[in-house]
Amino acid sequence: MEGNLMMKKPDLTKIRTFLLGSRTSYGLVFNVVLYLLLVAIGFVYLYPLLFMFVTSMKSPTDLLNPMVQWVPTGVYLGNYEKAFRVLDYPTTLVSSILVSVLPSLITAAVCSLVGYGLARYRFAGKTIVFGLILATFIIPAQNTVIPQMLTYKELGLLGNIFALLLPAMFGQGYRSAIFILIFYQTFQSLPKVLEEAARLDGASDLKIFFQIALPAAVPAFIITIIFSIVWYWNETYLTVIFLEGGIQTLPMQLAKFTQAYENLYPPGMVNIFDRLNEAVKLAGTFLNILPLLVMYFVLQKWFVESVERSGVTGE
Amino acid sequence: MTERKPLHFRGIGLRARENLYGYGFILLWLIGFAVFTVVPLVQTFFFSLNQVTVTATGIDLLPVQWANYTRALVTDPNFVELLIEYAIETLVSVPIVIIFSMIIAMFLNLKFRFKGFFRTIFFLPVVITSGPVIQELTAQGATSVPGVASTAALTEFLAQLPGYLRSPVEYLLTSFILILWFSGVQILIYLSSLQKIDKSVYEAASIDGASAWESFWKITLPSLSTTTLINAAYTIITLSHFSENKVIKYIYSQTYAVQGGIGYSSAMSFLYFFVLLLLLAVTYLVLSPRRERRS
């Protein structure tokens, strides 16, 4: 009897460790709960995308068939063909890329300058400047956009990409405040030693900035450019007001999808299967986010890791 | 340029030099701030005190003092209602975004297999949340909790709730995924501040016999208090700036309306801005780390 008990004890602890974990491993129960939660939350996140993708592949007959929920009866690309034409895809894609990439590059360049100035020089009124930078992030666009629009109209810049580039050149691009703070944090965390050594060697401040500080801030540039591209791409309030009539971006075209569709396929003229339905709309939506999805999956390592590495917190 | 070096070594000039170069680096931003933020802001405020008519040659102003503001607050049947709805929805969304992004960040801070895969999924919304995309997805019913939002049981349940609770609960159920989609950047911010917490604190606590649960409440949460404040503010601001926001859409529609016009929409913009600041102030008072320390 006694021997039996002695045998059982270590077994129990082993099972206990296996299920509940020890100091070095999480244990089975924890792992199962973790993965269940991860999959559940992941599903909630992916659900709209899956829904969009599956629906966009449905043919008109599949749409009407209540039996077809998640698996369409066949591969049907007709919705994409229509959406491609309605969105005027090649043109809008190119202008979307221009409208997001150009301001982002400028924003990164200007914000790095400003961030460096704030991180490396002690000047009077710096706290106030920080407050004002935060204010530019808080002030809603509609509180400043109309006078700007009127000015651009006078200058003949409405519908011109310069309407977006000009604010970016002066550090007032879309969400520039965040990027300034990112650069500020990055430059603050860099050791000053190299810069001081260069200064003793007689290098000018600008030379120090370009040759020593900038090369060390590559992660900040990557985050800024990627995030800025994404945000400019998705921004529609300012682009509609500033670019309408001149440049059509993908999201702008998506916003008036119904109207554009009915111009191409007048409701009275086409047969019932070519009427606008949700599958075509979602195909258009998918085409809209496709370039960003591709960029995200190509760059996602940088996207997340450089943020983690540079430690972006607004402290 | 030549006197720079002696200035630097003289010591007295050091402060002047720092001022000079500091302002030199931020000069572009200062000009931009004046031209693209202060001037338009003041102009918009000026518009809000006038009846603005757009003519072929420019704009005509007719001073009306605070009439646009009283109209928005007293006469307009929609604006105040939309504003209250916006405030409630924002206050409902913020805790959800905060809690979810904190949980997900803590998951991603653990070591487990397929972490990269899950991380990719959780940051996906950052890439795709644009106004028209969200609008399409909402219109096609892709953003409500699958199979919940349209059931009869739910409609019954909602009908039994008192009026002031019905709209927040309904909003919660129909836009749950949408709310979660606004938590991408917040996850990143939490993640990077979680990684800054010293691992040895946890080790010390576990040697002293603290469970993981206790460690969370006593170590993790207090270390994240500033981050939570930042995230709450960020959430409020992004939700308030989102172009599908009902108040923004209403203000935008009034800008070009015959009855409304630029003056009226400017007044509403300022009222909206004021409510946004109010929400930020409330959040600050609730989440301020100083208060937690005292209690």
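This is a short chat about how chain B meets chain A in a predicted model.

Reader: Hi! How many residues does each chain put into the contact?

Author: Chain B gives 91 residues and chain A gives 98, where contact means heavy atoms within 4.5 Å.

Reader: And what area do they bury?

Author: About 8,600 Å² between them, with 73% of it on carbon and sulfur atoms. Buried area is the accessible area (1.4 Å probe) that two parts lose on being put together, summed over both. Phe25(B), Trp29(B) and Phe36(B) supply 11% of the area chain B buries against chain A, more than any other three residues.

Reader: Cool. Which residues form the salt bridge?

Author: Asp205(A) pairs with Arg17(B), and their closest N and O atoms are 2.8 Å apart. The count between the two chains is one salt bridge, meaning a side-chain nitrogen of Lys or Arg within 4 Å of a carboxyl oxygen of Asp or Glu.

Reader: Which helix gives the largest share of chain B's side?

Author: Helix 2 (residues 13-48) of chain B, with 20 residues. Helices here are DSSP runs (H or I, at least four residues), numbered from the N terminus.

Reader: New topic: what is chain B's average pLDDT?

Author: It averages 81, and 86% of the residues score at least 70; pLDDT is the predictor's confidence in each residue, from 0 to 100. Over residues 1-8 of chain B, pLDDT stays under 50.

Reader: Any ground rules for reading all this?

Author: Residues are numbered from 1 along each chain as its sequence is written, and chains are lettered from A in the order in which they are written. Local features need pLDDT of at least 70, side-chain atom pairs count only at pLDDT 80 or more, totals for chains, interfaces and linings use all residues, and side-chain values use heavy atoms, leaving out hydrogens and water.

Technical notes:
Helices (H or I, at least four residues) and strands (E, at least two) are DSSP runs, numbered from the N terminus.
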